[in-house]
Each structure stands twice: as C-alpha cells, then as structure tokens.
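Q: I'd like to learn to read a structure feature by feature. Could you walk me through this one?

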Amino acid sequence: MFVIRLPNGNLMVPESAVSDGGQLMSDAYVEIGPDDADYARLAARAVTEEEAEERRRKWQEGDEPLRREFLDFLARHGHPGRGAGAGGGNGPA
C-alpha cells in the first residue's frame with residue numbers, strides 16, 4: 001500500500017485494524033491533512049493516484065507469468081489440499 005497525495009493536498013495513508021489478540025482484521029486508507037503530526041514525514045514519500053495505479057499495473061503485468069504457471073500446475077496436479085471427492089467450490093469440502 002502506498003501513501004497517496006490527493007489533488008487537494010491531503011494524503012491517503014494506509015492503516016490497519018488489529019484485533020485485541022493482535023490479529024490483522026483489515027487494511028484501509030484514512031485521509032489526513034497538513035495539520036496531522038505525521039503529514040510531513042509521510043508526504044515525503046507520497047505518490048500521486050496516477051503513480052500508484054501505474055505501479056499496481058506494472059506489478060500485475062509482472063505477476064502474469066507466475067499466474068499462468070500456477071494455473072498450469074493446478075491443471076496438471078489438481079488443487080493442493082483437496083482430497084478425492086472434494087467439492088469444486090472455493091470453501092472447505
């Protein structure tokens with residue numbers, strides 16, 4: 001996740017929600033403005049929305065050969081962890 005500089009000058013900053021037991025529950029973005037104590041530090045590494053999207057696109061393109069290799073593996077060997085008679089859905093059999 002990136003720190004993204006919005007057109008209005010505010011930043012979209014990644015923030016994680018963690019359970020009381022320390023387990024990651026979700027990741028989200030929160031918007032902060034120049035009055036936030038961390039703004040200057042985070043703004044130094046911020047990218048525009050367009051730059052963030054371009055980085056995501058490059059990662060997806062770079063991941064495509066690996067995705068094809070994985071799908072080929074599944075076609076040849078089946079889904080790991082599923083025994084005979086397992087359902088075809090995404091959840092447990």
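A: Sure, let's begin with vocabulary: helices (H or I, at least four residues) and strands (E, at least two) are DSSP runs, numbered from the N terminus. Keep in mind that this is a predicted model. With those terms, the order of elements along the sequence reads β-β-β-α-β-α.

Q: How many helices and strands does that make?
A: Two helices and four strands.

Q: What share of the residues is buried?
A: Buried means under 20% relative accessible area. By that cut-off, 16% of the 93 residues in the protein are buried. As for the surface, the protein exposes about 7300 Å², with carbon and sulfur atoms supplying 52% of it.

Q: And how do I read contacts along the chain?
A: Look at how far apart in sequence the partners sit. Among contacts in the protein with a separation of 6 or more, 42% join residues 24 or more positions apart.

Q: Now the strands. In which sense do β2 and β3 pair, parallel or antiparallel?
A: For a strand pair, check the sense and count the bridges. Here strand β2 (residues 11–18) and strand β3 (residues 24–32) run antiparallel, paired over eight bridges. For one bridge to find on screen, start at A17 and look across to S26 in β3.

Q: What joins β2 and β3?
A: The two form a hairpin, with five residues between them. Click on G22 in that turn: its phi is positive, about 90°.

Q: Which residues make up the largest nonpolar core?
A: A nonpolar core is a set of buried residues of the nonpolar kinds, joined through side-chain atoms within 4.5 Å. The largest one in this model has eight residues: V3, L11, V13, I32, Y39, L42, A43 and A46. Both β2 and α1 (39–43) supply at least two residues of this core, and α1 gives the largest share, three residues.

Q: Can you pick one core residue and show me its surroundings?
A: Take I32. Apart from its neighbours within four places in sequence, I32 is in contact with N10, L11, V13, Y39 and L42.

Q: What describes a pair of aromatic rings?
A: Such a pair is described by the distance of the centres and the angle of the planes. Searching the whole structure turns up one aromatic pair. Its partners are F2 and W59, and the pair is stacked: 5.6 Å centre to centre, with 20° between the planes.

Q: Where do F2 and W59 sit in the chain?
A: The pair links distant parts of the chain, 57 residues apart. F2 is in the segment before β1 (4–5), while W59 is in helix α2 (residues 49–77).

Q: Are these two rings buried or exposed?
A: One of each. F2 counts as buried because its relative accessibility is 11%, whereas W59 counts as exposed because its value is 52%.

Q: Which residues does A52 touch?
A: First place A52: this residue lies in helix α2. Its relative accessibility is 0%, so A52 counts as buried. Not counting residues up to four places away in sequence, A52 touches F2, I4 and V47. You can also compare C-alpha positions: those of A52 and V3 are separated by 8.7 Å, though the two residues are 49 residues apart along the chain.

Q: On to charges. How many salt bridges does the structure hold?
A: Seven. To read one, find the two partners, then the gap between their closest N and O atoms. One of them joins E53 and R56, with those atoms 3.3 Å apart. Both residues lie in helix α2, three residues apart, about one turn of the helix.

Q: What about E54?
A: E54 forms a salt bridge with R57, and the closest N and O atoms are 2.4 Å apart. The two are separated by about one helical turn because they are three residues apart in helix α2. E54 and R57 also belong to a network of salt bridges that links them with E61.

Q: How exposed are E54 and R57?
A: E54 is partly exposed, with a relative accessible area of 33%. R57 counts as partly exposed at 33% relative accessibility.

Q: Which residue does R67 meet in a salt bridge?
A: The side chain of R67 meets that of E64, at 2.9 Å from N to O. R67 and E64 are three residues apart in helix α2, so about one helical turn separates them. At 44% relative accessibility R67 counts as partly exposed, and E64 counts as partly exposed at 27%.

How values were computed
Residues are numbered from 1 along each chain as its sequence is written. This is a predicted model: local features need pLDDT of at least 70, side-chain atom pairs count only at pLDDT 80 or more; totals for chains, interfaces and linings use all residues. Side-chain values use heavy atoms; hydrogens and water are left out. Buried means under 20% relative accessible area, exposed over 50%, partly exposed in between (1.4 Å probe, protein chains only). Contact means heavy atoms within 4.5 Å. Accessible areas come from the Shrake-Rupley method with a 1.4 Å probe; for residues, only the protein chains shown count as cover. Two strands pair if DSSP finds at least two bridges between them. Rings of Phe, Tyr and Trp (its six-membered ring) pair if their centres lie within 6.5 Å; planes under 30 degrees apart count as stacked, over 60 as edge-to-face and the rest as tilted. A salt bridge is a side-chain nitrogen of Lys or Arg within 4 Å of a carboxyl oxygen of Asp or Glu.
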